[in-house]
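Reader: Hello! I am new to this structure, and I would love a close look at a single part of it. Could you walk me through the strands and what surrounds them?

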Amino acid sequence: MRLINILTNYKEGGYAVAFMKSREELQKLLPQSIMEGSLCEFNSPRGCFKVVSFGQTIEISYPEGQIINIGSDTTLSLGWRLILLNYLSYAKNIPLSGQRISYRDLPLGNVFYPNIRKHSLEPLGNFFSSCDQDILRQSLIEAGFTLLQAKADIAAMGFFAPRIPVQLHFWEGEEGIPSACQILFDSTIVDQMHIEDSAALCSVIKDHILRNYELLVQRTRSLR
């Protein structure tokens, strides 16, 4: 038996069928092929892939496709878990383009964009209008992002997976114009992730940012 924390009993609920299909796709591929496509290391003795996602190292067993270790964060959402699992079998050995695009610029992006704008971008914009920007900067760093110099009031970049860079831009509002947030991807995301997964990723990013900000706010208050 592997001496690792196997989370095989984690309830997958309504995601169960999607997890099952994703595991079937993973089992069709050899570890070498998965490594070349995903740029994720395979630990043969442990029988798992290591995926670094926003600074966290997540281990996924092969060929079972179970999340077997999440470092110190056991609250990784089902959506986050599923997208990472899908990434292992979907990602392709294609270099990043360096061209940043918004979700609505992706092929068929306009189909999902209204929902992304309503449930991810607008909530992040509203949050930015009232947050402590110094705390936000620090919380972004703790959430696995690197702060950038850009035209935005706050800009940061992190990696959801080795071939999935994510860039965030926050702008302060002006009279008659609300605060805003934009999530940008490398144009090659269409080759590395299914369009529906990239839509779900926007929600994962929103929750990740808000959660880390709130955790830092709580820690800051406890020190006063």
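Author: Happy to help; here is a walk through one run of strands, followed by a few other spots. Please keep in mind that this is a predicted model.

Let us start with strand β8, which covers residues 164–171. Of its 8 residues, 7 are buried, so β8 is largely enclosed by the rest of the structure. What pairs with β8? On one side of the pairing list is β7, which joins β8 in the antiparallel sense over 7 bridges. The other partner given here is strand β9, residues 180–186, again antiparallel, with 6 bridges to β8. To find these pairings by eye, you can look for two couples of residues. Ala161 has Ile164 in β8 as its bridge partner, and Leu168 is matched with Ile183 in β9.

From β8 we can step back along the chain to β7. Just 2 residues lie between β7 and β8 in the hairpin that they form. Strand β7 itself takes in residues 154–161, and 6 of these 8 are buried, so this strand too is largely enclosed by the rest of the structure. One more step back brings us to β6, a strand made of residues 146–148, which runs antiparallel to β7 and is joined to it by 3 bridges. Here the couple to look for is Leu148 and Ala155, the latter in β7, standing opposite one another. A hairpin connects these two strands as well, this time through 5 residues.

Now for one residue in this setting, Phe170. It is located in β8. Is Phe170 buried or exposed? With a relative accessible area of 0%, Phe170 is buried. Which residues does Phe170 touch, leaving aside its neighbours within four places in sequence? The contacts are Leu124, Phe128, Leu136, Leu140, Ala152, Asp153, Ile154, Ala180, Cys181 and Ile209. One of these, Ile154, belongs to the residue range of β7, while Ala180 and Cys181 fall in the range of β9. You can also compare Phe170 with Gln182: they are 12 residues apart along the chain, and their C-alpha atoms are separated by 6.6 Å.

Cys181 brings us to the cysteines. How many disulfides are there? The count is 0. For Cys131, the nearest cysteine sulfur is that of Cys181, at 10 Å, and Cys131 is in no disulfide. That separation can be set against the cut-off for a disulfide, which asks for two cysteine sulfur atoms within 2.5 Å. Cys202 is in no disulfide either; its nearest cysteine sulfur is also that of Cys181, 9.5 Å away. As for their surroundings, Cys131 counts as buried at 13% relative accessibility, and Cys202 counts as buried at 2%.

Next, let us leave the strands for the largest pocket. Its volume is about 370 Å³. The lining is made up of 18 residues, and those nearest the centre of the pocket are Leu82, Asn86, His194, Glu196 and Asp197. Which helices each supply at least two residues of this lining? They are α1 (16–27), α3 (78–90) and α7 (195–222). Among the contributors, α3 gives the most, with 7 residues. By type, the lining divides into 8 nonpolar, 6 polar and 4 charged residues.

Helix α1 also holds Met20. Met20 is partly exposed, with a relative accessible area of 45%. Between the C-alpha atoms of Met20 and Ile195 there are 19 Å, while along the chain the two are 175 residues apart.

Finally, some backbone details in the loops. The peptide bond from Tyr62 to Pro63 is cis, with omega near 10 degrees. You will find Pro63 in the loop between β3 (56–61) and β4 (67–69). Leu39 is not a glycine, yet it has a positive phi of about 65 degrees. This leucine sits in the loop between α2 (31–38) and β1 (41–43), and Leu39 counts as partly exposed at 49% relative accessibility. Leu108 likewise has a positive phi of about 65 degrees without being a glycine. Its place is the loop between β5 (100–102) and α4 (109–130), where Leu108 is exposed, with a relative accessible area of 62%.

Methods. Residues numbered from 1 in each chain as written. Predicted model: local features only at pLDDT ≥ 70, side-chain atom pairs only at ≥ 80, totals over all residues. Heavy atoms only, no water. Buried < 20%, exposed > 50% of the residue type's maximum accessible area, 1.4 Å probe, protein only. 1 Å grid on protein atoms, 1.4 Å probe; cavity = no way out; pocket = protein on both sides within 12 Å on 5 of 7 lines; lining within 4 Å. Points joined across faces, edges and corners; volume = space filled by probe spheres on them. Helix = DSSP H or I, 4+ residues; strand = E, 2+ residues; numbered from the N terminus. Nonpolar A, V, L, I, M, F, W, Y, C, P; charged D, E, K, R; others polar. Contact = heavy atoms within 4.5 Å. Pairing = 2+ DSSP bridges.
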